[in-house]
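Subject: Structure for you to look at

Hello,

I am passing on the structure we spoke about, with my notes below it. Please read them with the coordinates open.

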Amino acid sequence: MERVYLTRNIPKAVSMLKEYFELIIHDSTKPPDRYEIVKNVSNVYAILCSPSDNIDSIVINAANKLRVISTYSVGYDHIDLASANARGIIVGYTPNVLTNATADLTFALLLAIARRVVEGDKLIRSAKWSNIYEYNFMLGRDLEGKILGIIGLGRIGAAVARRAAGFGMKIVYNSREKKNIYEYLSLDELLKVSDFVSIHTPLNEHTYHMIGEKELKSMKRCAYLINTARGKIVDERALIRALKEGWIAGAALDVYEQEPLVASELIELDNVVLTPHIGSATIETRERMAEIAALNIINPYKGLEPIYRVK
Ligand code: NAP
């Protein structure tokens, strides 16, 4: 029987895969380290991994029978595609099914930072709420009429734009290609005019630290940055300075440069909202992702195309 290594215990995927394969499961809430991954992948037909697992050339070279790398995510920046392609290894991923869940979380963050939801929650829990309805107490920002700048108008970016339209926001975007919808702006122009900037590009060599000191300084002082894409797209040191020194009004983040570590300077700030990489984390979405991640392994084993293959 062929073997599959799972870097997480994902019950739905396990129940589907065990009918065809012998499973090696890293059954822990913490991700496996590199040594553990390398040790377990020799002789496996497939690896089922997630974004925190670095599937680089060392892992791929250690897996001499590997046919499929299936990631439980739409992002595949943690997989060395060149090494996989050189060996003809299929890379499967889970686009589309997590688009709405991630767009919902993006909007939850946008609303939370604009209306100071977390600050208000913290105030009550620390028993410091004393004034009611004072005229400048906890004032936030309206969304109606504000400009939302979307960087990366793909599946998730477009789903965020649809939500923003419902709130009366004006949408501008930057992508590699112009689309026949909304207003296209260069990245420089988008950063200058937007009241909210939301990042939805993949992480790759072109987008690494795409938002740094220069970009943050070009934003409006009253603007907010939202990042639910990948932490390394933003230079976190520059962002911390921007938030401390008032180059921008605030940030709402689901992703960080060194997950699960979050810089203490970010944690100490009031003008940020932080969530722990939960963009796709709903019961329904994770169930569908698990199913697709499993089928992306089972299908090729049966001689069929995976459901979604990175091209
Ligand atoms: P997608 O459909 O491929 O959209 C990505 C968009 O980014 C595309 O429109 C692409 O433009 C644009 N883009 C690529 N390079 C760019 C660049 N250098 N400058 C400007 N735009 C660029 O992907 P998706 O499904 O929306 O997912 C986007 C990312 O979200 C994923 O890669 C993943 O890392 C992240 N994500 C995070 C979570 C979470 O839990 N926080 C959940 C899901 C996804 P063109 O169309 O013009 O080529």
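The notes below go through the sheets, the salt bridges and a few single residues.

Please keep in mind that this is a predicted model.

The two sheets

One open sheet has 5 strands in the order E2-E1-E3-E4-E5, and its pairing is parallel. Its edges are strand E2 (22–25) and strand E5 (90–92), each of which pairs on one side only. On average, neighbouring strands of this sheet are turned by 15 degrees against each other, direction ignored. Within this sheet, E1 and E3 are joined in the parallel sense by 3 bridges, and Tyr5 has Ile47 in E3 as its bridge partner.

Two helices that pack on this sheet are worth a look. Helix H2 (residues 34–41) touches E1, E2 and E3, and its direction makes about 170 degrees with that of E1. Helix H12 (residues 283–301) touches E1, E3, strand E4 (68–71) and E5; here the angle is about 165 degrees, taken against the direction of E4.

The other open sheet is built from 7 strands, ordered E8-E7-E6-E9-E10-E11-E12, again with parallel pairing. Strand E8 (183–184) and strand E12 (272–274) are at the edges with a single partner strand each, so one side of each has no neighbour in the sheet. Helix H7 (residues 155–166) packs on this sheet and touches E6 and strand E7 (170–174); its direction makes about 170 degrees with that of E6.

Strand E9 and its partners

E9 (residues 196–199) runs parallel to E6, and 4 bridges join the two. In this pairing Ile150 stands opposite Ser198, and Gly149 has Val197 as its bridge partner. E9 also pairs with strand E10 (residues 224–227), in the parallel sense and over 4 bridges. There, Tyr224 in E10 is the bridge partner of Phe196.

In a regular strand, side chains alternate between the two faces of the sheet. Which residues of E9 lie on each side, and are they buried or exposed? Phe196 and Ser198 are on one side, Val197 and Ile199 are on the other, and all of them are buried, so both faces of E9 are covered.

Salt bridges

The count of salt bridges comes to 15. I picked out three of them.

Asp53 forms a salt bridge with Arg8, with the closest N and O atoms 3.5 Å apart. This pair links distant parts of the chain, 45 residues apart: Asp53 is in the loop between strand E3 (46–49) and helix H3 (57–62), and Arg8 is in the loop between strand E1 (3–6) and helix H1 (11–17). Asp53 counts as buried because its relative accessibility is 1%. Arg8, at 17% relative accessibility, also counts as buried, the cut-off being under 20%.

Arg125 and Asp121 form a salt bridge in which the closest N and O atoms are 2.5 Å apart. Both residues lie in helix H6, 4 residues apart, which is about one turn of the helix. Arg125 counts as exposed at 67% relative accessibility, whereas Asp121 is partly exposed with a relative accessible area of 34%.

The side chains of Arg241 and Glu245 meet at 3.5 Å, N to O. These two are about one helical turn from each other because they are 4 residues apart in helix H10 (residues 236–245). Arg241 is partly exposed at 36% relative accessibility, and Glu245 is partly exposed at 44%. The pair belongs to a network of salt bridges that links Glu213, Lys217, Arg241 and Glu245.

Surface patch and Thr207

Ile124, Trp129, Ile132 and Tyr133 make a nonpolar surface patch of about 570 Å². Of these, Ile132 lies in the loop between helix H6 (117–125) and strand E6 (147–151). Ile132 is exposed, with a relative accessible area of 67%.

Thr207 is in the loop between E9 and helix H9 (213–218). At 7% relative accessibility, Thr207 counts as buried. Leaving out residues up to four places away in sequence, Thr207 touches Thr201, Pro202, Lys232 and Ile233. The C-alpha atoms of Thr207 and Met138 are separated by 35 Å, and the two residues are 69 residues apart along the chain.

Regards

Key: Residues numbered from 1 in each chain as written. Predicted model: local features only at pLDDT ≥ 70, side-chain atom pairs only at ≥ 80, totals over all residues. Heavy atoms only, no water. Patch = residues over 30% accessible without salt bridge, like charges linked within 9 Å, V, L, I, M, F, W, Y side chains within 5 Å. Areas by Shrake-Rupley, 256 points an atom, 1.4 Å probe, with all protein chains shown as cover. Salt bridge = Lys/Arg side-chain N within 4 Å of Asp/Glu carboxyl O. Buried < 20%, exposed > 50% of the residue type's maximum accessible area, 1.4 Å probe, protein only. Pairing = 2+ DSSP bridges. Contact = heavy atoms within 4.5 Å. Axes fitted to C-alpha atoms, helices over the stretch in contact; angles between N-to-C directions.
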